[in-house]
Structures are given as structure tokens and as C-alpha cells.
Amino acid sequence: MEKPEENQPLNDQIEPTLGPETPVIDPRIAELEAKQAELSDAYLRAKAEAENVRRRADEEMSKARKFAVESFAESLLPVKDSLEAALAIENATPEQLREGTHATLRQLVAVLERNKVLEIAPAAGAKFDPHQHQAISVVPADQEANTVVAVLQKGYLIAERVLRPALVTVAAPK
């Protein structure tokens with residue numbers, strides 16, 4: 001550019017940069033574009049965060065499935081140790097074996113209860129419950145129809161869900 005003349009104002013020397021091909025930017029449009037860019041960035045960050053949370057949850061579920069029985073297995077180890085100790089005694093008397101078996105059974109029952117595994121052993125005369133009992137046979141009996149006569153095999157619940165139904169005989173209708 002040329003040097004401005006001394007009496008001429010500086011603004012007259014500068015050519016306007018906006019021509020017919022340069023669009024005039026409305027300040028509202030610029031503000032909206034900035035807001036749109038901000039919202040787009042926030043959306044992308046939220047989407048990435050949601051994907052990370054989903055991925056971490058999937059990993060946690062996978063670990064939970066893989067190690068779900070860890071606590072249960074750990075609580076069974078003393079029962080196994082007791083059985084191995086019993087087998088290590090070569091000249092055990094029948095009384096010692098019986099006492100050791102009872103002690104080991106108590107350990108096992110405690111482990112099952114601690115892990116929310118409960119017995120289903122309905123008393124004779126209890127109403128037959130098809131959700132917890134499996135009828136093996138129907139026999140004539142001197143009790144009300146559709147009641148348990150005898151338990152052939154105990155059933156088990158785990159956290160209120162039937163793990164194995166009790167096998168029972170049921171009184172026949174009269």
C-alpha cells in the first residue's frame with residue numbers, strides 16, 4: 001500500500017474487504033453456529049461416555065459370571081479338607097467315622113445355608129406344591145388328597161428359587 005497523504009484520513013485508504021462475493025455474516029448466525037458446534041461436541045462426548053459405561057458394565061457382567069461361584073467354592077474347601085482328613089486315618093473306628101461324618105455334614109449344611117441354599121423337605125400331610133415338589137407317585141392314604149405322604153428325596157432352594165424340587169409321594173383322592 002501507499003503511504004497515506006497527511007491530510008487524508010486513514011480509513012479512506014483501506015479498501016473494504018467485503019465484496020459482492022463475500023457473504024455478510026449476521027451475528028445471530030455466528031452465535032447459532034457456535035451453539036450448534038458446542039451441542040455437537042457435547043453430544044459426541046455423551047455418546048462416547050455412554051459407550052464406555054456400556055463396555056464397563058459388559059466387562060463387569062462377564063467377570064461376575066466367571067467368578068460367581070468363587071465364594072461358594074471357597075466356603076466348600078473346609079468340607080473337602082475334613083473328608084480328606086477322615087480318609088487319611090487308616091484304622092478309624094466306626095464311631096470315629098460316624099462322628100467325623102456328622103461333623104462334616106454340619107460343615108456342609110452351614111456352607112449351604114450361608115450361600116442361601118435351603119432344604120425343601122415338606123412334612124407328611126403338607127399340601128402338595130407343584131412349584132417346589134415333584135410327585136413320583138400317588139398312593140392311597142388316610143389323609144387329605146393332594147398332600148405329601150412321604151419325601152423320597154429332599155429338594156433345595158437357592159435364594160428362593162427352586163434348585164431341585166423335592167421328590168414326594170402324594171395322597172390319592174378318596
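**Fold and packing of the predicted protein chain**

Residues 24 or more positions apart account for 61% of the contacts (heavy atoms within 4.5 Å) in the protein chain with a separation of 6 or more. The model is predicted, so local features need pLDDT of at least 70 and side-chain atom pairs count only at pLDDT 80 or more, while totals for chains, interfaces and linings use all residues. Residues are numbered from 1 along each chain as its sequence is written, and side-chain values use heavy atoms, with hydrogens and water left out.

The protein chain contains four helices and six strands. Both kinds of element are DSSP runs, numbered from the N terminus: helices are H or I with at least four residues, strands are E with at least two. The order from the N terminus is α-α-α-α-β-β-β-β-β-β. Of the 174 residues, 11% are buried. Here buried means under 20% relative accessible area, exposed means over 50%, and partly exposed lies in between (1.4 Å probe, protein chains only). The exposed area of the chain is about 14500 Å², and carbon and sulfur atoms supply 57% of it. Such areas come from the Shrake-Rupley method with a 1.4 Å probe; for residues, only the protein chains shown count as cover.

Two of the helices were compared by their axes. Helix α3 covers residues 70-88 and helix α4 covers residues 94-114. Their axes come within 9 Å and cross at roughly 175 degrees. Axes are lines fitted to C-alpha atoms, for helices over the stretch in contact, and angles run from 0 to 180 degrees between N-to-C directions. The crossing therefore makes α3 roughly antiparallel to α4. Angles over 145 degrees count as roughly antiparallel, under 35 as roughly parallel, 65 to 115 as roughly perpendicular, and the rest as oblique. On the α3 side, the contact is made by Phe-72, Ser-75, Leu-76, Pro-78, Val-79, Ser-82 and Leu-83. Helix α4 contributes Thr-104, Gln-107, Leu-108, Val-111, Leu-112 and Arg-114.

The strands come next. Two strands pair if DSSP finds at least two bridges between them. One open sheet has three strands in the order β2-β6-β3, with mixed pairing. Strands β2 (133-139) and β3 (148-153) stand at the edges with a single partner strand each, so one side of each lacks a neighbour in the sheet. Neighbouring strands here are turned by 30 degrees against each other on average, direction ignored. Strands β3 and β6 run antiparallel and are joined by four bridges. Within this pair, Val-151 has Val-168 of β6 as its bridge partner.

Another open sheet has three strands in the order β1-β4-β5, and its pairing is antiparallel. Its edge strands are β1 (117-120) and β5 (161-164), each of which pairs on one side only. The average turn between neighbouring strands of this sheet is 35 degrees, direction ignored. Strands β1 and β4 are linked by four bridges. Ile-120 has Gly-155 of β4 as its bridge partner. Strand β4 (residues 155-158) pairs with β5 over three bridges. Tyr-156 is matched with Arg-164 of β5.

In a regular strand the side chains alternate between the two faces of the sheet. Strand β4 shows such alternation. Gly-155 and Leu-157 point to one face and are buried. Tyr-156 and Ile-158 point to the other face and are not buried.

The largest nonpolar core has six residues: Ile-120, Val-148, Leu-157, Ala-166, Val-168 and Val-170. A nonpolar core is a set of buried Ala, Val, Leu, Ile, Met, Phe, Trp, Tyr and Cys residues joined through side-chain atoms within 4.5 Å. Strand β6 (residues 166-171) gives the most to this core, with three residues. Beyond its neighbours within four places in sequence, Ala-166 is in contact with Ile-120, Pro-122, Gln-132, His-133, Gln-134, Gln-153, Lys-154 and Gly-155.

Two loop residues have a positive phi without being glycine. Lys-116 has a phi near 65 degrees and is found in the loop between α4 and β1. Its relative accessible area of 53% makes Lys-116 exposed. Ala-159 has a phi near 50 degrees and lies between β4 and β5. These two strands form a hairpin with two residues between them. Ala-159 is exposed as well, at 52% relative accessibility.
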